[in-house]
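Here's a quick briefing on how one pair of helices packs and where the open space in this fold sits. Have a look at the structure first, then read on.

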Amino acid sequence: MALSAIILVGSAQEWLPDIVEEAKKLRVGSGFHEGVDVGPLISPEAKDRAEQIIEEATNEGAILELDGRGTVVPGFENGNFLSPTIISNVSPFNTAYKEEIFAPVLVCLEADTLEDAISLTNANPFGNGCSIFTSSGASARKFQHEIDVGQVGINVPIPVPLPFFSFTGSRGSIRGDVNFYGKQGVNFYTQIKTITSNWQCRGGHLGGATMPILGSSNSK
């Protein structure tokens, strides 16, 4: 997912310091090296864009809990590296929430109840994928039925299905009415052929050239 956003619900808002500490443990470096958790961004432009969004987010009132800018990896001094970054106190109108960052930046929002979190998610113009982490079956069931998102995970971090299921989306995250994975993908690339045949015994009546009507002798 291009935008990593988390909604901390209720007492889960107290987990933020622990999340920051865990993010600090992630190792940044070349993706070809063993033990590296976070590789470089795809280009200098991508790095500049991500850092610009981080700056705009803080200017709009967000709190920078962990700043990953300015990372230099030995041996790759000119690399496009951005260490894990965590932004809290983010509103739905903040640039960091509205834009897809394409970088290791976690955007943190807060909600008092599950209902508030569902409403917040459904108010987003896009609906590609989301997940809920819970030990409550009732909360999970409520979430999966009321959330207006194409791909839903329950205690699964990245809710992208395998190809034999359909890669789905909702609202601004889909164009058209047919998805490109699973059975719908097969149907999309299938040309339907309909064959109508009529076999009779030798010398029998073939029904003529008229359209058969249910209940008539020609339809028997």
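Let's start with helix α4 (residues 114–122) and helix α5 (residues 137–146), whose axes come within 11 Å and cross at roughly 25 degrees. With angles under 35 degrees counting as roughly parallel, that makes α4 roughly parallel to α5. Keep in mind that this is a predicted model.

**How α4 and α5 pack**

- The crossing of the two helices, α4 and α5, is right-handed.
- On the α4 side, the residues in contact are L114, E115, I118 and N122.
- Their partners on α5 are S139, K142, F143 and E146.
- Sorted by character, the residues of this α4 and α5 contact come out as 3 nonpolar, 2 polar and 3 charged.

**The largest pocket**

- There's about 1,600 Å³ of space in the largest pocket.
- Its lining runs to 44 residues, and A5, I6, I7, C130 and S131 are the ones nearest the pocket's centre.
- Which elements each supply at least two residues of that lining? They are β1 (4–9), α3 (95–98), α4, β5 (126–127), β6 (129–132) and α5.
- So far as helices go, the packed pair turns up again here, with α4 and α5 each supplying at least two residues of the lining.
- The top contributor is β1, which gives 6 residues.
- As for chemistry, the lining of the largest pocket splits into 28 nonpolar, 12 polar and 4 charged residues.

**The second largest pocket**

- For the second largest pocket, the volume is about 200 Å³.
- The residues lining the second largest pocket are S4, I19, E22, A23, L26, V38, P84, T85, I86, P104, V105 and L106.
- Two or more of these lining residues come from each of α1 (16–24), β3 (85–88) and β4 (105–111).
- Helix α1 gives the most to this lining, with 3 residues.
- The split for the second largest pocket is 9 nonpolar, 2 polar and 1 charged.

**Worth a second look**

- To see the helix pair, put L114, E115, I118 and N122 of α4 on screen together with S139, K142, F143 and E146 of α5.
- To find the middle of the largest pocket, centre your view on A5, I6, I7, C130 and S131.
- For the second largest pocket, α1 is a good place to start, as the element that gives the most to its lining.

Terms used. Residues are numbered from 1 along each chain as its sequence is written. This is a predicted model: local features need pLDDT of at least 70, side-chain atom pairs count only at pLDDT 80 or more; totals for chains, interfaces and linings use all residues. Side-chain values use heavy atoms; hydrogens and water are left out. Axes are lines fitted to C-alpha atoms, for helices over the stretch in contact, and angles run from 0 to 180 degrees between N-to-C directions. Helices (H or I, at least four residues) and strands (E, at least two) are DSSP runs, numbered from the N terminus. Angles under 35 degrees count as roughly parallel, over 145 as roughly antiparallel, 65 to 115 as roughly perpendicular and the rest as oblique. A crossing is left-handed if the near helix is turned anticlockwise from the far one by less than a right angle, and right-handed if clockwise. Contact means heavy atoms within 4.5 Å. Ala, Val, Leu, Ile, Met, Phe, Trp, Tyr, Cys and Pro count as nonpolar, Asp, Glu, Lys and Arg as charged, and the others, Gly among them, as polar. On a 1 Å grid over the protein atoms alone, a cavity is a set of points where a 1.4 Å probe fits but cannot get out, and a pocket is an open set with protein on both sides within 12 Å along at least five of seven lines; lining residues have an atom within 4 Å of a point. Grid points are joined across faces, edges and corners, and a volume is the space filled by probe spheres set on the points.
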